[in-house]
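Ready for some practice in reading a protein structure? Take a look at the model below, then work through the exercises with a pencil in hand.

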Amino acid sequence: MKVALTCNTLPPDYSRESGDDTFAEFDSPSTISAIKKALLTHCDSVEVVEADEEAYERLRRGNFDFAFNIAEGVRGEAREAQIPAMLEMLGIPYSGSGVTTLAITLDKRRTKEVLLANGIRTPKFQLLSRSEDLRSDLKFPLFLKPNGEGSSRGITARSLVGSEEELEEVAREMVAKYRQPVLVEEYLTGREFTVGLLGNPPEVLPVVEVGFEGLPPGAPKFDCYEVKWIYDSLEARYDTTVCPARVDDDLRSRIADTATRTFEALEVRDLCRLDLRLDGDGEPSVFDVNALPGLIPDPAENSRFPKAAYAAGYSYEELIGEVFNAALRREGILR
Ligand SMILES: Nc1ncnc2c1ncn2[C@@H]1O[C@H](COP(=O)(O)OP(=O)(O)OP(=O)(O)O)[C@@H](O)[C@H]1O
Ligand SMILES: [Mg+2]
């Protein structure tokens, strides 16, 4: 079987520590070669296909039987869905979620609408495009983020706002810099967890707690760009994650139930990682669904989905194999 590994590679001179978040969602050459190596334990041939403007031709001429897709996309509001759309057009089956799911999960507002329609808790919110009036039932403090980004792109220490003046200022800056509407959400102060799901129906991997107490004084108490990529980096060595999370059975099962219902509601496939916090009632409230979770292999980098898989007893090769085989089974290629 000949497999295309569709991905977007970080430019060689790019440094996340610089604070430049332009390519925050792309994968490093070392992650891509680790996935390729892992896939080669499950199939005979893997070719890396860069998911840029030339991708369609490469896929069309490549004689591929299958694609292992981790492509984030280079531009456009549904950029994660573009490679899957090309693969469908070419009749090449692929791993991970489909076009509709990837388009919805890259749009935080639409994701939240699907959650609400399925009775899953998510923080109260509003989408601000220009200078709409703030919904009167939204309570400060509020949290601001670009509606269509991931990997904490656009989320900074200033995302948490305590007043209408602050909100206006930060929203104006965000719209100008990221050229898209801003999602305003009520800020949840409860414990934060991230949950990995694997397979169909999904296995809920050990829950990861994300905690901010160990960070230096003055660091934000939420996962903004600085916390994710600078404090929690190989150099700085602050680890904000604990896995398995210290939670009792009751909370663990409520988190797992919320995560599974989210996976089903959004028709996610094969793998996903979602973020939630406990709300004022102590119930899990989902604010982010990543249908293309980061897959950095080195445990020292604290990539959350692999971290949860390691805690469940999978090696990196086994994790990639599980995703691959789940997709092959779903496509009827493997029984
Ligand atoms: N409504 C909220 N209440 C409290 N904290 C929040 C809220 N929304 C986001 N956060 C904080 O901001 C962080 C980043 O938000 P979010 O997960 O939505 O962004 P992202 O860029 O899509 O993340 P990812 O890296 O998972 O793709 C969260 O991990 C959490 O710490
Ligand atoms: Mg997130």
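The exercises below deal with a predicted model, and each one comes with a worked solution.

**Exercise 1. Find which residues coordinate the magnesium ion (ligand 2), and work out which parts of the chain they tie together.**

Step 1. Start at the ion: Asp 275 and Asp 288 coordinate the magnesium ion (ligand 2) through their OD atoms, at 2.0 to 2.1 Å.

Step 2. Place the two residues. Asp 275 belongs to strand E12 (residues 271-278) and Asp 288 to strand E13 (residues 284-290), so the pair ties together parts that are 13 residues apart in sequence.

Step 3. See how these strands are arranged. E12 and E13 pair in the antiparallel sense, over 6 bridges. One example is Leu 276, whose bridge partner in E13 is Val 286.

Step 4. Follow the chain from one strand to the other. E12 and E13 form a hairpin with 5 residues between them. In the turn, Gly 282 has a positive phi of about 75 degrees.

**Exercise 2. Decide whether Asp 275, Asp 288 and Leu 116 are buried, partly exposed or exposed.**

Step 1. Recall the cut-offs: buried is under 20% relative accessible area, exposed is over 50%, and partly exposed is in between.

Step 2. Take the two aspartates: both Asp 275 and Asp 288 are buried. In E13, 7 of the 7 residues are buried, so this strand is largely enclosed by the rest of the structure.

Step 3. Now turn to Leu 116, in helix H5 (residues 108-117). Leu 116 has a relative accessible area of 47%, so this residue is partly exposed.

Step 4. Check the surroundings of Leu 116. Leaving out residues up to four places away in sequence, Leu 116 touches Thr 122 and Phe 125.

**Exercise 3. Work out where the largest nonpolar core lies with respect to the domains.**

Step 1. List the domains: domain 1 (2-96), domain 2 (124-186) and domain 3 (192-330).

Step 2. Look at the core itself. There are 30 residues in it, and Ile 35, Leu 39, Phe 68 and Leu 295 touch the most other members.

Step 3. Ask which elements contribute. Those giving two or more residues are strand E1 (2-7), helix H1 (29-39), strand E3 (66-69), helix H9 (304-311) and helix H10 (316-330). The largest share, 7 residues, comes from H10.

Step 4. Draw the conclusion: domain 1 and domain 3 both give residues to this core, so it lies between them.

Step 5. Zoom in on one member. Beyond its neighbours within four places in sequence, Leu 39 is in contact with Val 3, Leu 5, Val 46, Phe 68, Ile 320 and Phe 324.

**Exercise 4. Describe the contact between domain 1 and domain 3 in numbers.**

Step 1. Count the residues: 26 from domain 1 are in contact with 22 from domain 3.

Step 2. Give the area. The two domains bury about 2,000 Å² between them, and 68% of it is on carbon and sulfur atoms.

Step 3. Add the spacing: the C-alpha centres of domain 1 and domain 3 lie 22 Å apart.

**Exercise 5. Name the edge strands of the open sheet with the order E4-E7-E5-E6.**

Step 1. Read the order: 4 strands make up this open sheet, with antiparallel pairing.

Step 2. Look for strands that pair on one side only. These are strand E4 (125-128) and strand E6 (160-161), the edge strands.

Step 3. Examine one pairing. Strand E5 (residues 142-146) and E6 pair over 2 bridges, and Phe 143 has Leu 160 as its bridge partner in E6.

Note on methods:
Residues are numbered from 1 along each chain as its sequence is written. Chains are lettered from A and ligands numbered from 1 in the order in which they are written. This is a predicted model: local features need pLDDT of at least 70, side-chain atom pairs count only at pLDDT 80 or more; totals for chains, interfaces and linings use all residues. Side-chain values use heavy atoms; hydrogens and water are left out. Donors are N, O and S atoms within 2.8 Å of the metal (3.2 Å for Na, K and Ca); water is not among the atoms, so sites may look incomplete. Buried means under 20% relative accessible area, exposed over 50%, partly exposed in between (1.4 Å probe, protein chains only). Two strands pair if DSSP finds at least two bridges between them. A nonpolar core is a set of buried Ala, Val, Leu, Ile, Met, Phe, Trp, Tyr and Cys residues joined through side-chain atoms within 4.5 Å. Domain bounds come from an automatic or database domain assignment. Contact means heavy atoms within 4.5 Å. Buried area is the accessible area (1.4 Å probe) that two parts lose on being put together, summed over both.
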